[in-house]
Amino acid sequence: MDSMNSPESAEYERRVAARFASFDQDGNGWIDREDFSTAAAALLSEFDTTARCDKGQALYAGAEALWQGLAGIADVDGDQRVTRQEFVGGALKRLRDRTTGFTEIARPFLHAAFAVADTAGVGTVSVPDAERALRALGVSPGVAADVAVTLDEDADGRITEPDAVAAFTAYFTTMP
C-alpha cells in the first residue's frame, strides 16, 4: 500500500470493514459482549436448540471466551467495546502475528457452533446446515452458500470441524 488513496488501500478498508461487521452483530459501530451473545442466540434459534441444554451452554461459554479473547487483543482503552479503529489498528495486526493464539481463542465457540449445526450427530456438518449456520450468524445468503460449498473440500456434502476452524482463523488472521 503505497498511498492511503491507492486501490490496494481501498480494497484493504473494504475487507477490514467486512471482518469488523462479522463481529458487530447489531451494527452499532462497535463489538461488545452482547454481539457474541446475539450470535449464539441466533445460532441456537436457527437450529431449535435451547440455551439450557449442554450444546446451548457450551455455545454461550464459547461465545464468552471468544469475546474475552478479542477484547484482550483489541480493546485498547478497556471500555469493554472494540471500535472499528481498535479493530483495524490492533486486532488485525495482532491476529496476523498470533494465528495459533486466535485459533485457540475461537476454538471453544467454533466447536460448540459445530455441534449445534451437526444435525445428523455424525461429527461433520452438511453443506446446507453450514449455510444455515452462516446465515444465522449474519452472513448474506449468497456468500453463505459460496462459503459452505468451499468448506466442503472433498465435495462429499459434509464439512469437518478442522476445516471450518482453519477457514475461520484464516479469514480473521490473513491480512487483506
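This briefing walks through helix packing, salt bridges and a few notable loop residues in the structure above. The model is predicted, so local features need pLDDT of at least 70 and side-chain atom pairs count only at pLDDT 80 or more, while totals for chains, interfaces and linings use all residues. Residues are numbered from 1 along each chain as its sequence is written, and side-chain values use heavy atoms, with hydrogens and water left out. Helix α2 is a good place to start: its axis lies 8 Å from that of α6 and comes within 9 Å of that of α3.

**A few terms**

- Helices (DSSP runs of H or I, at least four residues) and strands (runs of E, at least two) are numbered from the N terminus.
- Axes are lines fitted to C-alpha atoms, for helices over the stretch in contact, and angles run from 0 to 180 degrees between N-to-C directions.
- Angles under 35 degrees count as roughly parallel, over 145 as roughly antiparallel, 65 to 115 as roughly perpendicular, and the rest as oblique.
- A crossing is right-handed if the near helix is turned clockwise from the far one by less than a right angle, and left-handed if anticlockwise.

**Helix α2 against helix α6**

- Helix α2 (residues 33-46) packs on helix α6 (residues 127-136) at an angle of about 140°, with the axes 8 Å apart.
- That angle makes α2 oblique to α6.
- The crossing of α2 past α6 is right-handed.
- On the α2 side the contact (heavy atoms within 4.5 Å) is made by Ala42, Leu43 and Glu46, and on the α6 side by Arg132, Ala133 and Ala136.
- By class, this contact has 4 nonpolar, no polar and 2 charged residues; here Ala, Val, Leu, Ile, Met, Phe, Trp, Tyr, Cys and Pro count as nonpolar, Asp, Glu, Lys and Arg as charged, and the others, Gly among them, as polar.

**Helix α2 against helix α3**

- The axes of α2 and helix α3 (residues 54-74) cross at roughly 150° and come within 9 Å.
- The two helices are therefore roughly antiparallel to each other.
- Here too, α2 makes a right-handed crossing, this time past α3.
- From α2, the residues that meet α3 are Arg33, Phe36, Ser37, Ala40, Ala41, Leu43 and Leu44.
- Their partners in α3 include Leu59, Tyr60, Ala63, Leu66, Trp67 and Leu70.
- The residues of this contact divide into 11 nonpolar, 3 polar and 2 charged.

**Salt bridges**

- The count comes to 7 salt bridges, each being a side-chain nitrogen of Lys or Arg within 4 Å of a carboxyl oxygen of Asp or Glu.
- Arg132 and Glu46 form one of them, at 2.8 Å from N to O.
- This pair links distant parts of the chain, with Arg132 in helix α6 and Glu46 in helix α2, 86 residues apart.
- Arg132 is partly exposed at 23% relative accessibility, and Glu46 is partly exposed at 31%; the cut-offs are under 20% relative accessible area for buried, over 50% for exposed and in between for partly exposed (1.4 Å probe, protein chains only).
- Glu104 and Arg107 meet in another salt bridge, at 3.1 Å from N to O.
- Glu104 and Arg107 are about one helical turn apart because they are separated by 3 residues in helix α5 (residues 99-117).
- Both ends of that bridge are partly exposed, Glu104 at 45% and Arg107 at 34%.
- The side chains of Asp118 and Arg158 also pair, at 3.8 Å from N to O.
- Asp118 sits in the loop between α5 and β3 (124-126) and Arg158 in strand β4 (residues 158-160), so this pair links distant parts of the chain, 40 residues apart.
- Arg158 is partly exposed, with a relative accessible area of 23%.
- Shared partners join Glu46, Asp129 and Arg132 into one salt-bridge network.

**Loop residues to look at**

- Asp118 is buried, with a relative accessible area of 8%.
- Beyond its neighbours within four places in sequence, Asp118 is in contact with Gly123, Thr124, Val125 and Arg158.
- Asp48, in the loop between α2 and α3, has a positive phi near 50° although it is not a glycine.
- With a relative accessible area of 73%, Asp48 is exposed.
- Ala155, in the loop between α7 (141-151) and β4, is not a glycine but has a positive phi of about 55°.
- Ala155 is exposed, with a relative accessible area of 65%.
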